[in-house]
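Grab a pencil and work through these short exercises. Each one comes with a solution to check yourself against.

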Amino acid sequence: GYTFNGWTIDGIPVSETTVYNIADNKTAVAEFTANTYKLTFEGITDEIEVTYGDTYPTLPTPTIPHGQNFVGWFDGSTEIKAGNKVEITKDTKLVPVFTDKNVYTVTFNANGGTPNSTQSVIEGDKAVKPTDPTREGHKFEGWFKDAAGTQMFDFNTGITGDIELYA
């Protein structure tokens with residue numbers, strides 16, 4: 001993490017050729033400089049220079065594959081986060097880690113008509129409006145969030161949990 005720069009006495013650098021008359025006790029102080037390291041990121045061209053002992057700056061966001069959540073940047077099993085103390089001691093390539101998003105079921109209840117159907121939808125994605133159901137003696141008016149037909153469902157809404165829609 002640090003590079004040794006040399007010794008000082010009373011703030012004056014000491015070298016092998018320095019002649020220093022010592023009349024009383026003096027303390028030699030070792031001087032160090034924190035090393036800087038390069039962070040690179042798998043899958044993107046961004047690079048960041050960090051200094052040992054400082055904190056990590058804001059890190060870039062990778063391209064997130066559809067159906068996944070970005071967990072964070074990792075150096076092996078260690079997650080590297082903005083604001084954490086820099087403890088790496090060499091140039092480091094960070095790897096993005098992703099987890100699968102939840103998959104939810106959208107149930108289309110034809111409310112006595114046909115057909116009933118279901119869709120599996122990735123968290124945050126939109127359900128696709130199915131073919132209108134039919135029921136003898138009734139006119140289809142849309143898909144609703146409640147069986148009474150008072151809350152129309154908006155197909156531009158991202159799905160965040162299992163849901164049953166009613167004709």
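A residue counts as exposed when its relative accessible area is over 50%, as buried when that area is under 20%, and as partly exposed in between. Keep in mind that this model is predicted.

**Exercise 1.** Work out how exposed Asp10 is, and say where Asp10 lies.

Solution. Start with the number: Asp10 has 53% relative accessibility. The cut-off for exposed is over 50%, so Asp10 counts as exposed. As for its place, Asp10 sits in the loop between β1 and β2. Now check the backbone: phi is positive at Asp10, about 55°, although Asp10 is not a glycine. Most residues other than glycine have a negative phi.

**Exercise 2.** Take the loop between β9 and β10 and look at the backbone of Asn111 and Pro115.

Solution. Asn111 lies in this loop and has a positive phi of about 55° without being a glycine. With a relative accessible area of 27%, Asn111 is partly exposed. Next comes Pro115, found in the loop between β9 (103-109) and β10 (117-122). The peptide bond leading from Thr114 into Pro115 is cis, its omega near -5°. Most peptide bonds are trans.

**Exercise 3.** Put the three strands of the open sheet in order, and name its edge strands.

Solution. The order reads β2-β1-β3, and the pairing is antiparallel. β2 (12-14) and β3 (28-34) are the edges, since each pairs on one side only. From one strand to the next, the twist averages 50°. Zoom in on β1 (residues 2-9): seven bridges join this strand to β3, and the two run antiparallel. Across from Gly6 you'll find Glu31 in β3.

Definitions and conventions. Residues numbered from 1 in each chain as written. Predicted model: local features only at pLDDT ≥ 70, side-chain atom pairs only at ≥ 80, totals over all residues. Heavy atoms only, no water. Pairing = 2+ DSSP bridges. Helix = DSSP H or I, 4+ residues; strand = E, 2+ residues; numbered from the N terminus. Axes fitted to C-alpha atoms, helices over the stretch in contact; angles between N-to-C directions. Buried < 20%, exposed > 50% of the residue type's maximum accessible area, 1.4 Å probe, protein only.
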